[in-house]
Amino acid sequence: MKNKKSGINTICTHVGETPDEQFKGSVSPIYMSSSYEFMDVGVKRYPRYFNTPNQEYLAKKIAALEHAEAAMIFSSGMAVISTTLLAFLSSGDHIVLQNDIYGGTRNLIEEQFKRFNIEYSFTEGLDANDFEKSIQPNTKLMYLETPSNPLLKLVDIEAVANVAKSKGILTVIDNTFATPIIQKPIDFGIDIVLHSATKYFGGHSDISAGAVATSQDNIDAIWNLAKNLGGNLSDFMVWMLERSMKTLNIRVKAQQKNAKKVAKKLQKLDAIDTVYYPGLKSHPDYKLAKKQMKGFGAMLSFDLAEGLDAEQFLKSLKLIKPSMSLAGVESTMILPAMTSHALLTPEDRAAQGIKDGLIRFSVGLEEVDALMTDVEQAISEIVN
Ligand SMILES: *Cc1c(COP(=O)(O)O)cnc(C)c1O
């Protein structure tokens, strides 16, 4: 495949451009038509068939980045997650899920799956044998998310993929935090890769989108349900996403470089207890990160020292935005206990290691000095 030989920046900038045969413009035209001729054209194009020109071409870029045969774009991360899971699970089937996954995915499972008589188990730990122990005779899927949110724990992708393969179980991974710039799960034997493209793919906090990359056969199965459920992204937003993805590689690399420096500096502050970042040698999964990731990503978390007011800390920030979502070029922080994990009971949060003073930091493109100055001045506001 030609795409695989191209360098990553060339894939980001050029693969999957929608051709402009008429005017030879240097960027993709936007085809906003929701109606296409059906006679003598071979393919019936329609937005909800996920095959308008912009959707079809951008999917090629995502497939090339993930070393997949094919891809599809959706209107949100949850649209692609729900459609993919329901495409492969029927009444009476069972799914094994990693125990700490994105809150919205967990809510989908716990709020909806019983109605469909789909059984599920969350793993006890994150080792491959925790996944193996959860397998039942009716297990159809295994679901991973690494690095995990918000504690940046890693799962050995290859080991879990091997366990699943030996039992004929399909594997699905949420690769949102790492992106294909840092981690290509298909190279480790994973079948289906999902993304909230709202995050790094979009990168500027102005797009809601999702994507899946996998084999053509699996895409056909997902498409079969997707055309019934809807959940396609408008062509204008597909075009916006293409524009954003041209800089995916340089953004992610610059942000992760910042994150590594910030993680080391945060570790030295008295007001901060533990820093969770897979690029720190103290992180329990540092070796695994080196094996399966190219770099360590731009997400980290830290515990404010006991007794410090985390809410007041966030309110005292002047540059870093205390706001939901992540992965934009601007740095943001949230309190998982108040946001992504607010629906869990305090006991469940504690069991997952999420303390009330845990802060998740999505490191952006600002200078490290500017970020640290902001963190330190906010700390000085809450330490008395
Ligand atoms: C945000 C997010 C999602 C959900 O994506 P939406 O675009 O908000 O629907 C799924 N997984 C992870 C890891 C996320 O960060």
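# Exercises: a cavity, a ligand shell and some backbone geometry

The largest cavity is lined by P147, L152, F177, A178, M293, F296, G297, A298 and M299. (A cavity is a set of points, on a 1 Å grid over the protein atoms alone, where a 1.4 Å probe fits but cannot get out; lining residues have an atom within 4 Å of a point.) The model is predicted, so local features need pLDDT of at least 70 and side-chain atom pairs pLDDT 80 or more, while totals for chains, interfaces and linings use all residues. Residues are numbered from 1 along each chain as its sequence is written, and side-chain values use heavy atoms, without hydrogens and water.

**Exercise 1.** Describe the largest cavity and work out where it lies.

Step 1: the search of the whole structure finds one cavity of 30 Å³ or more. Its volume is about 40 Å³, meaning the space filled by probe spheres set on the points, which are joined across faces, edges and corners.

Step 2: sort the lining by class, which gives eight nonpolar, one polar and no charged residues. Here Ala, Val, Leu, Ile, Met, Phe, Trp, Tyr, Cys and Pro count as nonpolar, Asp, Glu, Lys and Arg as charged, and the others, Gly among them, as polar.

Step 3: domain 1 (8-245) and domain 2 (250-383) both contribute lining residues, so the cavity lies between them. The domain bounds come from an automatic or database assignment.

**Exercise 2.** Find which residues come nearest to the ligand, and list polar contacts.

Step 1: of the 14 residues around the ligand (a heavy atom within 4 Å), G77, M78, D174, T198 and K199 come nearest. The shell divides into six nonpolar, five polar and three charged residues. Helix α4 (residues 77-88) gives the largest share, three residues; helices (H or I, at least four residues) and strands (E, at least two) are DSSP runs, numbered from the N terminus.

Step 2: look for pairs of N or O atoms within 3.5 Å. A polar side-chain atom of D174 is 2.6 Å from a ligand nitrogen atom. For K199, a polar side-chain atom is 2.7 Å from a ligand oxygen atom. M78 uses a backbone N or O atom, 2.8 Å from an oxygen atom of the ligand.

Step 3: the ligand taken alone exposes 380 Å², and the protein buries 91% of that (Shrake-Rupley method, 1.4 Å probe).

**Exercise 3.** Where are the cis peptide bonds before P147 and P150?

Step 1: the bond from T146 to P147 has omega near -5°, and that from N149 to P150 has omega near 0°.

Step 2: P147 sits in the loop between β4 (139-145) and α7 (157-166), and P150 is in the loop between β4 and α7.

Key:
On a 1 Å grid over the protein atoms alone, a cavity is a set of points where a 1.4 Å probe fits but cannot get out, and a pocket is an open set with protein on both sides within 12 Å along at least five of seven lines; lining residues have an atom within 4 Å of a point. A polar contact is a pair of N or O atoms within 3.5 Å; within protein, one must be able to donate a hydrogen and the other to accept it, and residues adjacent in sequence count only if both atoms are side-chain atoms.
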